[in-house]
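Here are a few exercises to work through with the model open beside you. Try each one yourself before you read the solution.

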Amino acid sequence: MTDVLAKFRLVGTGGVLAYRALFNWARLPVFIGTLLAEPVTQLVFFVYLGRQLGVANDTFFIVGNAVLAASKAGVYGGTMAVGNERRFGTLGNVLLSPRSRSAVFLGRALPYAANGLFVAVFTLTVGSLLFGLDLPVQSLPGIAAALVIASLTCAFFGLTLGALGLRLLDVWLVSNIAYVLLLILTGVNVPSETLPGWVQAIGDFVPVTHAAEAARLAAAGADFETLAGPLALEAAVCVGFAVLSALLLHVFEKAGRTSGSLETI
Amino acid sequence: MVIAMTDLAIKAEGLRRTYRSRNGWLKPSWRHTEAVRGISLEIERGELFGLLGPNGAGKTTTIKMLTTLLLPTSGSARVAGFDVVQDTREVRKRVGYVFGGDRGLYDRLSGLDNLRYFAELYAVPAREQRTRIAELLELVGLTGREREKVEGYSRGMRQRLHLARGLLHRPEVLFLDEPSIGVDPVGARELRRTVADLASSGTTVLLTTHYMAEAEELCGRIAVIADGAIQQIGTAEELKHRTDGRRVLTAEVFGASEADLDRIRLLPSVHGVTVEDRGLSQIVTVQSAVGTDIEPQVREALTGIRVGRIDKREPSLEDAYIAIVTGVDRDADERTGGTAGVPG
Ligand SMILES: Nc1ncnc2c1ncn2[C@@H]1O[C@H](COP(=O)(O)OP(=O)(O)O)[C@@H](O)[C@H]1O
Ligand SMILES: [Mg+2]
């Protein structure tokens with residue numbers, strides 16, 4: 001029993017401390033600029049672009065970009081949650097911990113998921129107000145579920161990139177590319193039917209794609225049965241990245257002890 | 001439940017570690033560095049043991065293996081009764097690791113939050129954390145400054161925070177890797193006092209340093225390590241015997257070259273020569289057999305070079321250390337051809 005409580009503490013209290021220690025954007029002005037203003041600007045841009053090109057209506061872009069807004073905190077935050085250990089030279093001290101690595105890193109991912117969720121809700125709210133989109137009340141639970149799952153997926157996706165950062169010198173390059181690729185692969189700003197088949201196929205395995213679909217269905221008034229499919233797919237991608245990140249962290253820790261390649265001190 | 005088989009705090013047998021590093025991508029060549037070449041050690045519980053050696057001797061590599069951060073290439077070690085390869089969790093619960101320098105802390109957090117996070121990581125029970133942290137802040141003299149961000153801490157404050165972090169979980173064995181590096185003399189003295197107190201309260205301490213005086217003041221036994229191997233082990237008094245029957249001459253010279261020094265090295269009664277650069281001048285230290293005055297010979301070897309003050313004295317512990325370490329360098333020079341740099 002106390003064991004379980006201790007684990008909760010490691011995930012909860014530990015996670016919040018790690019978030020403050022490692023997240024570059026935890027200061028208010030930076031947070032507002034990078035995580036609130038920018039996603040809204042992006043949403044506005046794509047709504048106008050969409051109107052010009054006439055590929056889809058406002059709802060398509062508003063809902064899609066709101067879900068995508070969850071990715072920034074997750075992708076970059078998750079990367080920082082591991083990558084910044086290098087910057088501070090703290091990795092050795094962390095690896096000396098006798099505690100469960102999964103709990104330590106789960107704790108690191110969750111605050112970014114919460115952060116991503118907050119950003120997504122903010123973006124959706126502001127976007128709807130700006131363009132006078134009136135979402136029916138019964139669509140909100142479905143949209144909320146999509147945002148929650150997407151935020152978690154993005155955080156674990158970021159953690160996976162961060163784990164790669166234990167090996168790669170420039171992990172920021174990787175997260176920059178990953179972030180931009182999400183714009184294309186998720187079909188948030190380009191209706192996925194118009195994308196080549198192989199791009200769609202990759203899109204099925206990245207965060208946000210299925211959540212965005214679910215959120216759009218919800219906004220269009222679909223019942224829960226219809227949403228369950230894409231939501232379950234997004235959850236599967238989420239679990240996939242959670243497992244992959246844990247695996248990579250484990251493998252790289254072990255490889256680092258063998259080769260002495262991890263900059264542990 | 002694993003029962004500790006021995007009462008030794010540290011027992012290492014034939015520890016070796018080779019690093020492989022790659023140069024180049026297209027046509028990679030591998031470089032093998034034998035950082036540790038067979039170290040065996042037995043350290044009793046409660047001992048304050050010094051590992052003394054020059055940069056690159058293999059001190060940090062040894063500590064990393066003993067703290068589970070690095071796997072030995074061969075050999076084995078038990079720390080606090082547990083195997084460092086098999087029982088990593090048990091070892092980690094029982095060791096603390098503090099290294100010098102100003103990295104290794106979360107700059108954006110306060111000192112207090114750094115300790116709170118590591119208290120979680122090092123499994124300090126929740127209800128003890130508050131008192132334990134307060135106690136440690138008091139011990140290292142950071143009480144009152146704990147809410148400031150580490151960003152603004154001085155080198156000495158960072159070092160004290162490192163120490164507090166290493167002690168959070170009351171380790172049985174504490175590893176201190178050059179803890180006084182870059183700390184001012186007053187800070188270094190306080191650090192030494194804290195370390196001595198810890199040892200007298202029963203914590204085993206393994207301290208690495210390249211400051212002879214620090215090792216002499218603190219450590220019961222000292223192992224001099226150079227070139228990846230222990231050259232000599234014993235109390236400071238015992239190590240001093242290395243220079244029995246020797247005298248030391250120091251000369252201030254201006255612009256001596258390696259060739260000039262080699263001429264001194266070749267003199268019959270000379271045991272070793274070292275140089276320390278002091279900007280414009282150099283201090284040359286010559287160890288020679290007692291009974292011959294080598295000053296005239298040294299002056300002759302340095303013909304054509306301006307020579308300042310010359311002093312002669314009895315050897316100190318520092319000289320003993322240098323004798324041990326430079327003795328190794330001679331052997332090592334002969335060996336490098338065989339071990340380093342495998343071209344691809
Ligand atoms: N990760 C590494 N990869 C390759 N060589 C290394 C690595 N770490 C240390 N070395 C080499 O191993 C030797 C011993 O280093 P180290 O244990 O750090 O010595 P010390 O702590 O006594 O200064 C040095 O020659 C150093 O260059
Ligand atoms: Mg070292």
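**Exercise 1.** Which atom of ligand 1 lies 2.8 Å from a backbone N or O atom of Lys59(B)?

*Solution.* Before we start: this is a predicted model, where local features need pLDDT of at least 70 and side-chain atom pairs count only at pLDDT 80 or more, while totals for chains, interfaces and linings use all residues. Residues are numbered from 1 along each chain as its sequence is written, chains are lettered from A and ligands numbered from 1 in the order in which they are written, and side-chain values use heavy atoms, with hydrogens and water left out.

Step 1: go to Lys59(B), where the partner at 2.8 Å is an oxygen atom of ligand 1.
Step 2: check Gly56(B), whose backbone N or O atom sits 2.7 Å from an oxygen atom of the ligand.
Step 3: cross to chain A, where a backbone N or O atom of Gly260(A) is 3.2 Å from a nitrogen atom of ligand 1.
Step 4: add up the cover; taken alone the ligand exposes 560 Å², and the protein buries 67% of that (Shrake-Rupley areas, 1.4 Å probe).

**Exercise 2.** Work out why the site of ligand 1 is shared between chains.

*Solution.* Step 1: list the shell (residues with a heavy atom within 4 Å); among them are Gly260(A), Tyr19(B), Thr33(B) and Lys59(B).
Step 2: since residues from chains A and B surround the ligand, the site is shared.
Step 3: look for the main supplier, and you land on helix 1 of chain B, with the largest share at 3 residues (helices are DSSP runs of H or I, at least four residues).

**Exercise 3.** Find the salt bridge partner of Arg45(B) and place both residues in the chain.

*Solution.* Step 1: the partner is Glu172(B), with the closest N and O atoms 2.9 Å apart (a salt bridge puts a side-chain nitrogen of Lys or Arg within 4 Å of a carboxyl oxygen of Asp or Glu).
Step 2: the pair links distant parts of the chain, 127 residues apart, with Arg45(B) in the loop between strand 2 and strand 3 and Glu172(B) in the loop between helix 5 and strand 7 of chain B (strands are DSSP runs of E, at least two residues).
Step 3: ask about cover; Arg45(B) is partly exposed at 33% relative accessible area, and Glu172(B) is partly exposed at 30% (buried is under 20%, exposed over 50%, partly exposed in between; 1.4 Å probe, protein chains only).
Step 4: zoom out, and both belong to a salt bridge network that also takes in Asp7(B), Glu90(B), Lys93(B) and Arg94(B).

Notes
A polar contact is a pair of N or O atoms within 3.5 Å; within protein, one must be able to donate a hydrogen and the other to accept it, and residues adjacent in sequence count only if both atoms are side-chain atoms.
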